[in-house]
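Hi,

Here is the structure I promised to pass on to you. Please open it first, then read my notes beside it.

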Amino acid sequence: MPLRGQRPYQSLPAKAASRPPDWLSRSAVNELTRETAAVLGALRERDANTYAHCDRTCALSVETGRSVGLSSQDLAVLRWAAELHDIGKIGIPDRVLFNPGRLDEEELGLMRTHPRRGHDILASIPGSKFASIATIVLHHHEAVDGSGYPEGLGGEDIPVLARILSIVDSYDAIATVRPYHAPKSHVEVMRMLEEQQGRKYDPYILPAFSKVVGVSAYRAAG
């Protein structure tokens, strides 16, 4: 469905959107919880910080999705995609994942495989719902100017849920402690995001996110 004030965007691939699964039934929630428990448990054991980041990103993504008028079905997809967006980091070598310094070209290339790894993990789980989630995970590091990865999609070719997730993911990553940087204040993070508005981040969604995060429990200090 279109976001408020935007031209119509497809939030899911056409095939999935034509026959949307019932994301809101108790059986669907139970299925997703059961099937993802193992991979989320593996992520928690591998890297507790990334696991916590996924939890915060999930909550703030849902807040943002509500603010821009997503349907309940799309909010459910966004919730699961945000919770699982970094699951591919399970496959990143320790020397890269926990590197306290700046990554070199080879290490950066390895790190940038995590969306594809996450997609492949989720796409291998039986059930039609996981294909939709996997698509959003695959594209959460695309940029609206086409400079992102892994496929270099741009503009409306990037699923709208992935565009929301990209902004929220970046906000939390910059605002919290990472091996390679100290946390930045809310004001600093928003300035960095706004500098990339229309290049990396969707120029319609970013202002909506700014309003949401300003009053959110997940707002960074400062």
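**What I found**

Let me start with one residue: at 32% relative accessibility, Arg 116 counts as partly exposed. Here "buried" means under 20% relative accessible area and "exposed" over 50%, with "partly exposed" in between (1.4 Å probe, protein chains only).

Before going further, please note that this is a predicted model: local features need pLDDT of at least 70, side-chain atom pairs count only at pLDDT 80 or more, and totals for chains, interfaces and linings use all residues. Residues are numbered from 1 along each chain as its sequence is written, and side-chain values use heavy atoms, with hydrogens and water left out.

**Charged pairs**

Side chains of opposite charge can pair when their charged atoms come close. I call a pair a salt bridge when a side-chain nitrogen of Lys or Arg is within 4 Å of a carboxyl oxygen of Asp or Glu, and by this rule the count comes to seven.

Arg 116 is in one of them: its partner is Glu 151, with the closest N and O atoms 3.3 Å apart. Arg 116 sits in helix α7 and Glu 151 in the loop between α8 and α9, so this pair ties together parts that are 35 residues apart in sequence. Helices are DSSP runs of H or I with at least four residues, numbered from the N terminus. Like its partner, Glu 151 is partly exposed, with a relative accessible area of 40%.

The loop that holds Glu 151 has another feature for you to look at. Next to it in the sequence, a cis peptide bond joins Tyr 149 and Pro 150, with omega at about 15 degrees. Pro 150 is found in the loop between α8 (128-138) and α9 (160-175).

A second salt bridge joins the side chains of Arg 163 and Asp 202, at 2.8 Å from N to O. Arg 163 belongs to helix α9 and Asp 202 to the loop between α10 (186-195) and α11 (205-214), so the pair ties together parts that are 39 residues apart in sequence. Both ends are buried: Arg 163 has a relative accessible area of 3% and Asp 202 one of 2%. Val 160, also in helix α9, is 42 residues from Asp 202 in sequence, yet their C-alpha atoms are 9.0 Å apart.

Another pair is Lys 89 with Asp 86, where the closest N and O atoms are 3.5 Å apart. Lys 89 and Asp 86 are buried too.

**Helix α4 and its surroundings**

Helix α4 (residues 72-84) has 13 residues and reaches 19 Å from first to last C-alpha, close to the 18 Å expected; that expectation is 1.5 Å times one less than the number of residues. Since 10 of its 13 residues are buried, α4 is largely enclosed by the rest of the structure. The cover over those buried residues includes α2 (26-46), α3 (48-67), α7 (114-123), α8 and α9.

Which side chain of opposite charge is nearest to Glu 83? It is Arg 79, at 5.6 Å, and the buried Glu 83 has no salt bridge. For that search Lys and Arg count as positive and Asp and Glu as negative, while His and the chain ends are not counted. Contacts, meaning heavy atoms within 4.5 Å, link Glu 83 to Leu 40, Cys 54, Asp 55 and Cys 58, not counting residues up to four places away in sequence.

In helix α3, Ser 61 is buried, with a relative accessible area of 0%. Leaving aside neighbours within four places in sequence, its contacts include Leu 78 and Ala 82, along with Ile 164, Leu 165 and Val 168.

**The nonpolar cores**

A nonpolar core is a set of buried Ala, Val, Leu, Ile, Met, Phe, Trp, Tyr and Cys residues joined through side-chain atoms within 4.5 Å. The largest one has 49 residues, of which Leu 122, Ile 133, Tyr 171, Leu 193 and Phe 209 touch the most other members. Two or more residues each come from α2, α3, α4, α8, α9, α10 and α11, and the largest share, 10 residues, comes from α9. A second, separate core of five residues includes Ile 92, Val 96, Leu 97 and Leu 110.

Enjoy exploring it!

Best wishes
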